[in-house]
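Load the model, switch on a cartoon view and keep the selection box handy. We'll go stop by stop, with something to pick at each one.

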Amino acid sequence: MSGVTTHEVNLAVIALSPESPLSWISSTLAERGGRQLLASDGLKAFELARTSGVDLVVLAEPLAVLAAQAVCTALREARVSVPILVLSDTTNAAALLTAGADVVLALESDSQVVLAQIDALMRRVAFEHRPLQVGELILDTQARRAERGGKLILLSGTEYTLLELLMRRAGRVVSREEILEHVWPGEVRASDNVLDVYVSYLRTKVDRDFGSSLIRTVRGRGYMIAAE
């Protein structure tokens, strides 16, 4: 039986200042079966979002300790891709979106509009966490686990990141430059030789024992993964 499961979105960090009139957000999501981690300020929201594997962050200005824009910036710099909804003064919307917020709504927005945006973000999370499949190869993006033909494939963190990138672009060539930037971001990037080594590692684990090769080299361009 396959070990890949369907992801259910049911966890959110909600940071509300003590004087916020928006406490109904938490209670409404709880009524829908969701589970929330409540943070009293932006700093606690950042720590929870960074360490707890949450699916959604809701921030409401004014926040104590760390403002919403700073929370967004810190999460994106920490490579936390969780969706962020900010309820704030919309005159700051451009700065908040640039900092990494996905949606910015006015504090006085109608409750149904806020909930509709939360639902839309949660649907996106569910879609992004769906298992990826190329031929017999299945990647559970929630459990960060791969299997082919029902056989579990153990991957290092770097191997997983590389395989996920290729599978999200299945059937299309991913350039060497894009892979290097995605898998080894930052000022000090890995060399082309390191990339080749990790592709070789992946081929050993994903292709060697299965009779057909999914990972392909496209000379002069990069790599791709595709079923036969």
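Which residue in E12 does Ile-215 stand opposite? Select Ile-215 and look across: the residue facing it in E12 is Ile-225. Keep in mind throughout that this is a predicted model.

**Stop 1: the three-stranded sheet**

Stay where you are and colour strand E12 (residues 222–225) together with E11; the two run antiparallel and are joined by four bridges. Now add E10, and you have an open sheet of three strands in the order E10-E12-E11, paired antiparallel. Strand E10 (174–175) and strand E11 (215–218) are the edges, each with a single partner strand, so one side of each has no neighbour in the sheet.

**Stop 2: helix H5**

Next, select residues 111–128, which make up helix H5. Try a quick sanity check: at 1.5 Å a residue, its 18 residues should span 26 Å, and the end C-alpha atoms are indeed 26 Å apart.

Show side chains for Val-114, Leu-115, Ile-118, Leu-121, Met-122 and Val-125, the buried residues of H5. Look down the axis: they cover an arc of only 120°, which puts them on the same side of the helix. The spacing fits a familiar rule: an α-helix has 3.6 residues a turn, so residues three or four places apart point the same way.

What covers that buried side? Among the elements to switch on are helix H1 (24–31), strand E3 (57–60), strand E4 (84–88) and E5. Then spin round to the face turned away from the buried side, where you'll find the exposed residues Gln-112, Arg-123 and Phe-127.

Before leaving, zoom in on the start of H5: a side-chain oxygen of Asp-110 comes to within 2.9 Å of the backbone nitrogen of Gln-112.

**Stop 3: helix H2**

Jump to residues 42–51, helix H2, and highlight its buried residues Gly-42, Ala-45, Phe-46 and Ala-49. Down the axis of H2 these fall within an arc of 100°, so they line one face of the helix.

The start of H2 has a contact of its own: a side-chain oxygen of Asp-41 reaches to within 3.0 Å of the backbone nitrogen of Leu-43. Past the other end, pick Gly-53, which follows H2 and has a positive phi, near 60°.

**Stop 4: salt bridges**

How many salt bridges does the structure hold? There are 10, and we'll visit a few.

Start with Asp-102 and Arg-76, whose closest N and O atoms are 2.9 Å apart. Asp-102 sits in the loop between helix H4 (93–99) and strand E5 (103–106), while Arg-76 belongs to helix H3 (residues 68–77), so the pair ties together parts that are 26 residues apart in sequence. Colour by accessibility and both come out partly exposed, with Asp-102 at 28% and Arg-76 at 25%.

Next, select Lys-205 and Glu-159, which meet in a salt bridge at 2.7 Å, N to O. Lys-205 is in helix H8 (residues 192–206) and Glu-159 in helix H6 (residues 157–168), so this pair links parts 46 residues apart in sequence. Is each partner buried or exposed? Lys-205 is partly exposed, with a relative accessible area of 31%, whereas Glu-159 is buried, at 5%.

Go back to Arg-76 and Asp-102 and add Arg-124: salt bridges with shared partners join these three into one network.

Finish at Asp-209 and Arg-208, a salt bridge with its closest N and O atoms 3.8 Å apart. Here both residues are exposed.

Note on methods. Residues numbered from 1 in each chain as written. Predicted model: local features only at pLDDT ≥ 70, side-chain atom pairs only at ≥ 80, totals over all residues. Heavy atoms only, no water. Buried < 20%, exposed > 50% of the residue type's maximum accessible area, 1.4 Å probe, protein only. Arc of directions from axis to C-beta. Polar contact = N/O pair within 3.5 Å; in protein donor to acceptor, adjacent residues only side chain to side chain. Salt bridge = Lys/Arg side-chain N within 4 Å of Asp/Glu carboxyl O. Expected span 1.5 Å × (residues − 1). Contact = heavy atoms within 4.5 Å. Pairing = 2+ DSSP bridges.
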